[in-house]
Amino acid sequence: MGIEEETDRTVFIRNLDTKVTEELLFELFLQAGPLVKTKIPKDLDGKQKTFGFAVYKHDVSVPYAVQLLNGSSLYGRNIHVQFRSGELTLCCF
């Protein structure tokens with residue numbers, strides 16, 4: 001499986017609170033289908049960024065995750081879930 005195939009199975013999550021962990025994202029996004037992994041990138045100082053990714057086992061889970069989880073509240077912040085765009089393909093994995 002290459003990066004191109006992974007892109008079709010990935011959602012981009014933004015507006016994350018710094019208290020959100022990859023484990024919490026995994027448990028939340030698992031509600032939409034089987035996951036391969038979640039990732040919250042860090043900056044050069046090791047500080048967690050406010051966006052992340054969830055990679056699903058099947059691409060059919062992606063639109064369901066967007067519909068189900070977009071606007072969910074985590075630590076008082078509404079998260080934004082969208083299809084991963086082409087510009088982010090090489091980011092963070």
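# Questions on a predicted model

Me: Lys37 is partly exposed, its relative accessible area being 30%. In this predicted model, which side chain meets that of Lys37 in a salt bridge?
Reply: Side chains of opposite charge can pair when their charged atoms come close. For Lys37 the N to O distance is 3.8 Å, which falls within the 4 Å that a salt bridge requires. The partner of Lys37 in this salt bridge is Glu6.

Me: How many residues apart in sequence are the parts that the pair of Glu6 and Lys37 ties together?
Reply: At 17% relative accessibility Glu6 counts as buried, whereas Lys37, at 30%, is partly exposed. Glu6 and Lys37 meet in a salt bridge. Because Glu6 belongs to helix H1 (residues 3-7) and Lys37 to strand S2 (residues 35-39), the pair links parts whose separation in sequence is 31 residues.

Me: Which residue forms a salt bridge with Lys19?
Reply: By the distance rule the model holds two salt bridges, and in the one that involves Lys19 the closest N and O atoms are 3.9 Å apart. Lys19 is partly exposed at 49% relative accessibility, while its partner is buried, with a relative accessible area of 12%. That partner is Asp17.

Me: Within what arc do the buried residues of H3 fall, seen down its axis?
Reply: An α-helix has 3.6 residues a turn, so residues three or four places apart point the same way. In helix H3 (residues 61-69) the buried residues are Ser61, Val62, Ala65, Val66 and Leu69. Seen down the axis of H3, these residues line one face of the helix, because they fall within an arc of 135 degrees.

Me: Which helix is included in what covers the buried residues of H3?
Reply: The cover over the buried residues of H3 includes three strands, S1 (10-14), S3 (51-56) and S6 (80-83), and it also includes a helix. That helix, formed by residues 22-29, is H2.

Me: How many bridges join S1 to S3?
Reply: Four of the five residues of S1 are buried, so this strand is largely enclosed by the rest of the structure. S1 pairs with S6 in the antiparallel sense over four bridges, and there Ile13 stands opposite Val81. S1 and S3 also run antiparallel, with Phe12 opposite Phe53, and the number of bridges that join S1 to S3 is five.

Me: Are the planes of the rings of Phe12 and Phe51 stacked or tilted?
Reply: A pair of aromatic rings is described by the distance of the centres and the angle of the planes. The count of aromatic pairs comes to three. In the pair of Phe12 and Phe51 the centres are 5.7 Å apart and the planes meet at 50 degrees, so the pair is tilted.

Me: Which strand does Phe51 lie in?
Reply: Phe12 counts as buried at 11% relative accessibility, and Phe51 is likewise buried, at 18%. The ring pair of Phe12 and Phe51 ties together parts that are 39 residues apart in sequence, because Phe12 lies in strand S1 and Phe51 in strand S3.

Me: Which residues do ring pairs link into a cluster?
Reply: Phe51 and Phe53 form an aromatic pair that is edge-to-face, with 6.0 Å from centre to centre and 85 degrees between the planes. Phe51 and Phe53 are both buried. The cluster linked by ring pairs is made up of Phe12, Phe51 and Phe53.

Me: Which element supplies the largest share of the largest nonpolar core?
Reply: The largest nonpolar core has 18 residues, and those that touch the most other members are Val11, Ile13, Leu16, Leu25, Phe29 and Tyr56. At least two residues of this core come from each of S1, H2, S3 and H3. The largest share, four residues, comes from H3.

Me: What separates the C-alpha atoms of Phe26 and Val55?
Reply: Phe26 is found in helix H2 and is partly exposed, at 26% relative accessibility. Leaving out residues up to four places away in sequence, Phe26 touches Leu35, Val36, Lys37 and Thr38. Phe26 and Val55 are 29 residues apart along the chain, and the separation of their C-alpha atoms is 9.4 Å.

Notes
Residues are numbered from 1 along each chain as its sequence is written. This is a predicted model: local features need pLDDT of at least 70, side-chain atom pairs count only at pLDDT 80 or more; totals for chains, interfaces and linings use all residues. Side-chain values use heavy atoms; hydrogens and water are left out. Buried means under 20% relative accessible area, exposed over 50%, partly exposed in between (1.4 Å probe, protein chains only). The arc is that of the directions from the helix axis to the C-beta atoms. Contact means heavy atoms within 4.5 Å. Two strands pair if DSSP finds at least two bridges between them. Rings of Phe, Tyr and Trp (its six-membered ring) pair if their centres lie within 6.5 Å; planes under 30 degrees apart count as stacked, over 60 as edge-to-face and the rest as tilted. A nonpolar core is a set of buried Ala, Val, Leu, Ile, Met, Phe, Trp, Tyr and Cys residues joined through side-chain atoms within 4.5 Å.
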